[in-house]
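Biologist: I've got this structure open and would like to talk it through. Can you take me around it?

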Amino acid sequence: MLRVIVRRLLQLVVTLIALSALIFVWLRNLPGGPVDALLGERATPETRALLTKALGYDQPILVQYGKFMQRILTGDFGNSIRTGDPVTEVISRAFPATVELALTAMLIAVGLGVPLGYLAARWRGRLLDHLTVVGTLLGVSIPIFFLGYLLKDVFTQNIHWFPPSGRVSIGLDNTNITGFFVLDSLLTREFDATADALWHLILPAFTLATIPLAVIVRMTRASVLDVLNEDYVRTAEAKGLRQRTVRGRHILRNALLPVVTTIGLQTGALLSGAVLTEKVYNWGGLGTLITDSITGSRDYPILQALILLSALVFVVVNLVVDLSYAFIDPRVRVR
Amino acid sequence: MSLLDVRDLSVVFQRRGERPFNAVDKVSFTVEPGQTVGLVGESGCGKSVTSLAIMGLLPKRGNKVSGEVLFDGADLLKLRPGDMRDRRGRDIGMIFQDPLSSLNPVIPIGVQVAEVLERHQGRDRKQALREARDLLDAVGIPDPQRRLSEYPHQISGGMRQRALIAIALACKPRLLIADEPTTALDVTIQAQILTLLKQLVDESGTALIMITHDLGVVAGLCDTVNVLYGGKVIERARRHELFAHARHPYTHGLLNSVPRLDSPRGERLHAIRGSVADNIPWTEGCAFAPRCDNVVDACLEGPPPLEPTATGGDLRCNNPVSEEVAAR
């Protein structure tokens, strides 16, 4: 097991190095750039040359890349072009916001998705099943930005159930320890802040949860239907086991194996949804940071680090899923 | 009173938009305490459906079960689902055809045996596992302590079927239903499993319903044999009677199609012509008529009745194989 983890982590390093080169070249070949963005259209060629030189973009790309990699090894991802703050600092400010949003979304997706999928399978062909099938189809097909604005309009403008944007109410004096607002306020026992943070969290989290929720419901439903016909379920019934035992121990446990894979893949894919959701709800996380860094200033250092970080998260989540499989399914040997 | 008295059991499968299919058609038979009864027939004759109907394990939707299944005088078909759950595994055990798919792949063998003891005998997990180990030992699984924590994919096919037998017999049921328990196993393992079943059934006095298409299994095990065709019992006889002189042309044909060590070399094996697909519905005559060598006009005029024979069995045939031919 340990050998597998080490090998997978080494593979991860190779992947990240290759990816970093790709991003580096690709970003610099996009039309526009930090110099144009910072100086605007009417800057003189002289100022441009000066800024280009100051940022080091006048050097050959290989040299630039070499310097970039050299600094990364010491943990230095450079400074934001727009604000001048160190990239690591900018990202670690935004990171908890996105993680909080994504985790809540996954909690909603799994917590609702698995029971719904199970019930739909058990009551196959009845009303709940039909509603679920239609609902999940809508869930995967409605674009997040559309659904986001729709929910926002209904729940914050028409009926004022939720706040329209942000992570906390303005003027609320909450202590910041980890950057996870819900967790922080619990740690400091500022329960009014917990309620406030949760209140802000609900709409964005639901918006972000729709796609994984729909996928998990469908996967669970299909998987339970498969397992219901298995011989070992008949054996369990022939033993006269209580319905609760048959369902929990024999049906659900087996049915959830493929669902775990789905949950992993959806978690990895969550970041792309987070970009849109954060934009809609003005959520100060990585998604907002990505859009701002592209549209505002072509902030190369920030973008490079963000893309590498997303890749890292994706690969690590998948590694965790693969390894967890070995624990929940005795037939799987991790190689 | 018989331990199990099945009376006019019928199972009709009905799917929306399809013609109803009469899988089991007024089947009646009895099982005495400690007796071994065979249900014999080819695929699709209704033998497995009969056993699932007795156990109450048919899918809840899409079928209609009628008739009576009296176990100790109580009609199992009229029991509430919860009461039937109490009886399954405790009063009636069942073994299935494919031992690999019949065991849960992600639960250790020990727990799969223990949970039936926990359910019906009120044991806690620790005690149930101890008894499970003894049960695995009793069905001839080597190193039972180690097997408790192993998973189905880690043990051999024969051992899996032994584990399923241990599960079915854990609560010492009075009736065991074995649905083709050896079909998925190698020939050498088949013999071992049958010997084991016979030994366990004899020791515990458990009655056994043996469902099989294999006449060899019948010959070694059963006291009484019911031959099913197209969902009906067509011949019933004591084992020796059946093998000595099967009267129904179908049973006779089946016995003749078994290769024999003492038959002359070069003799061709007998085959029953046609296939189940040629059957006519029982309402129009004898379902076997289109494949039968002895067919007479009466066979196509309505279903022949099941009538007692001189040797104490029952027979559903207008023109049975004569005693002399049958005895050959």
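Modeller: Sure, here are a few questions and answers, and keep in mind that this is a predicted model.

Biologist: Which element gives the most to the side of chain A that touches chain B?

Modeller: Start with the contact itself: 19 residues of chain A meet 25 residues of chain B. On the chain A side, α10 (231-238) and α11 (243-281) each supply at least two residues. The top contributor, with 6 residues, is α10(A).

Biologist: And by class, how many residues on that side of chain A are charged?

Modeller: Split that side by class and you get 4 nonpolar and 5 polar residues. The charged count is 10.

Biologist: What radius of gyration does chain B have, and why does it agree with a compact globule?

Modeller: Chain B has 12 helices and 12 strands, and its C-alpha atoms fill a box of roughly 65 × 50 × 40 Å along the principal axes. A compact globule of 328 residues would come out near 20 Å, so the value for chain B agrees. That value is 21 Å.

Biologist: Which helix supplies the largest share of the largest nonpolar core?

Modeller: That core has 89 residues, and V113(B), A163(B), A166(B) and I177(B) touch the most other members. Leaving aside neighbours within four places in sequence, A166(B) is in contact with V113(B), L135(B), L136(B) and V139(B). The largest share, 8 residues, comes from chain B's helix α7 (residues 157-169).

Biologist: How much of chain B counts as buried?

Modeller: Here, buried takes 20 or more other C-beta atoms within 10 Å of a residue's own. Of the 328 residues of chain B, the share that counts as buried is 45%.

Technical notes: Residues numbered from 1 in each chain as written. Chains lettered and ligands numbered in written order. Predicted model: local features only at pLDDT ≥ 70, side-chain atom pairs only at ≥ 80, totals over all residues. Contact = placed C-beta atoms within 7 Å. Helix = DSSP H or I, 4+ residues; strand = E, 2+ residues; numbered from the N terminus. Nonpolar A, V, L, I, M, F, W, Y, C, P; charged D, E, K, R; others polar. Rg over C-alpha atoms; globule rule 2.2 N^0.38 Å. Buried ≥ 20, exposed ≤ 12 C-beta atoms within 10 Å, placed from the backbone. Core = buried A, V, L, I, M, F, W, Y, C linked by C-beta atoms within 7 Å.
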